[in-house]
Amino acid sequence: MKTRPFKQVDVFTSTPYFGNPLAVVLDGTGLDDATMQRFASWTHLSETTFLLPPTDPSADYRVRIFTPGGELPFAGHPTLGSCHAWLQAGGKPKGGHLIVQQCAKGLVPIRREGERLTFAAPSLRRSAPSPTLLAKVASALGIRAQQIVTAQLLDNGPVWLGLLLNDADTVLALEPDHRALAELGQKVGVAGIYPASAASALITRSNREARAFVRAEETAPSVEVRAFAAAIGVEEDPVTGSFNASLAEWLIAEGHLPDRFIASQGQVLGRDGRVHIERDSDRQVWVGGDSVTCIDGQVTL
């Protein structure tokens with residue numbers, strides 16, 4: 001065992017303790033899988049990461065991502081939080097403003113937009129869930145079939161069953177049976193779109209009040225998100241990058257959401273997470289958020 005640099009970072013927020021916390025061991029060299037898993041189980045955060053030298057020469061660093069229940073090939077908030085911690089600890093990207101993270105899923109480009117970091121969403125595979133699975137999940141969530149607008153199995157490394165519900169209020173009111181979800185062995189993410197604002201009606205007006213209203217609406221969330229991961233030991237994840245990435249690719253492609261929007265997640269848990277989504281002209285979806293360091297010190301591992 002030795003002393004290693006360590007940070008605990010709050011992701012998808014600029015205000016400490018209002019996002020999704022992440023434990024980052026900045027030097028994971030020499031640690032075996034069992035030690036990493038034991039420490040991740042001990043922190044009991046949704047994810048704990050270990051930074052290592054890259055094995056791909058085009059990457060700036062390599063990350064391994066653990067939940068209390070196992071290792072993930074990719075996850076969103078650990079990607080942003082690990083990059084934030086790496087940069088804050090003096091990491092220098094080879095490509096200037098573009099950082100390249102290596103993880104089990106592959107290489108993930110990350111760009112800096114002021115203080116905010118944004119990652120390129122990995123490739124997504126999606127398919128229709130079985131009616132049996134959908135019925136069991138609806139029962140565990142306590143919702144009726146009519147409240148589900150559409151559903152897809154989403155795989156961008158982690159696999160989520162994504163449900164678009166009839167509105168944001170339905171999402172916020174959910175009281176899931178986490179034991180039933182755990183028994184199904186399926187992570188479930190839900191989303192509900194907020195009603196369209198009056199901003200489009202005001203956009204052509206030139207008065208100062210209308211312009212101010214439009215600017216406020218542009219920073220308001222378009223969708224409310226919750227993510228239930230009892231299957232990997234986390235009943236509800238505060239703010240989830242991987243699910244928001246796959247959700248955005250899916251719902252933008254099907255015309256439910258615009259190319260640029262903000263997702264809100266974590267309200268029920270007393271958090272105020274904000275996920276910034278943008279699909280560029282090459283149809284690449286970028287997922288961004290602020291990060292802030294809450295604990296900076298050392299850990300003995």
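This report describes aromatic contacts and one set of paired strands in a predicted model.

**Aromatic pairs**

Seven aromatic pairs are found in the structure. One of them joins phenylalanine 39 and phenylalanine 50 in an edge-to-face arrangement, with 6.3 Å from centre to centre and 65° between the planes. This pair links distant parts of the chain, since phenylalanine 39 belongs to helix α1 (residues 33-43) and phenylalanine 50 to strand β3 (residues 48-52), eleven residues apart. Phenylalanine 39 is buried, with a relative accessible area of 7%, and phenylalanine 50 is buried as well, with a value of 0%.

Tyrosine 61 and tryptophan 86 have ring centres 5.1 Å apart and planes at 40°, so this pair is tilted; the angle falls neither under 30 degrees, as stacking would require, nor over 60, as an edge-to-face pair would. Because tyrosine 61 lies in strand β4 (residues 61-67) and tryptophan 86 in helix α2 (residues 76-88), the pair ties together parts that are 25 residues apart in sequence. Tyrosine 61 is buried at 2% relative accessible area, and tryptophan 86, at 14% relative accessibility, counts as buried too.

The two pairs are set out below.

| Pair | Centre to centre | Angle between planes | Arrangement |
|---|---|---|---|
| Phenylalanine 39 and phenylalanine 50 | 6.3 Å | 65° | edge-to-face |
| Tyrosine 61 and tryptophan 86 | 5.1 Å | 40° | tilted |

Phe39 and Phe50 also belong to one aromatic cluster, in which they are joined by Phe6, Trp42 and Phe66. Elsewhere, a ring meets a charged side chain: arginine 111 lies over the face of tryptophan 286, at 4.0 Å from the ring centre.

**Strand β11 and its partners**

Strand β11 (residues 159-165) is mostly covered, with six of its seven residues buried. Two strands pair with β11, and they are taken here in turn.

With strand β10 (residues 148-155), β11 pairs in the antiparallel sense over seven bridges, and within this pairing leucine 154 has tryptophan 160 of β11 as its bridge partner. The strands β10 and β11 form a hairpin with three residues between them, and in the turn glycine 157 has a positive phi of about 125°.

With strand β12 (residues 187-193), by contrast, β11 runs parallel, and six bridges join the two strands. Here the bridge partner of leucine 165 is glycine 192, which lies in β12. Strand β11 thus has an antiparallel partner in β10 and a parallel partner in β12.

Key
Residues numbered from 1 in each chain as written. Predicted model: local features only at pLDDT ≥ 70, side-chain atom pairs only at ≥ 80, totals over all residues. Heavy atoms only, no water. Phe/Tyr/Trp six-rings, centres within 6.5 Å; stacked < 30°, edge-to-face > 60°. Helix = DSSP H or I, 4+ residues; strand = E, 2+ residues; numbered from the N terminus. Buried < 20%, exposed > 50% of the residue type's maximum accessible area, 1.4 Å probe, protein only. Lys NZ or Arg CZ within 6 Å of the ring centre and 35° of its normal. Pairing = 2+ DSSP bridges.
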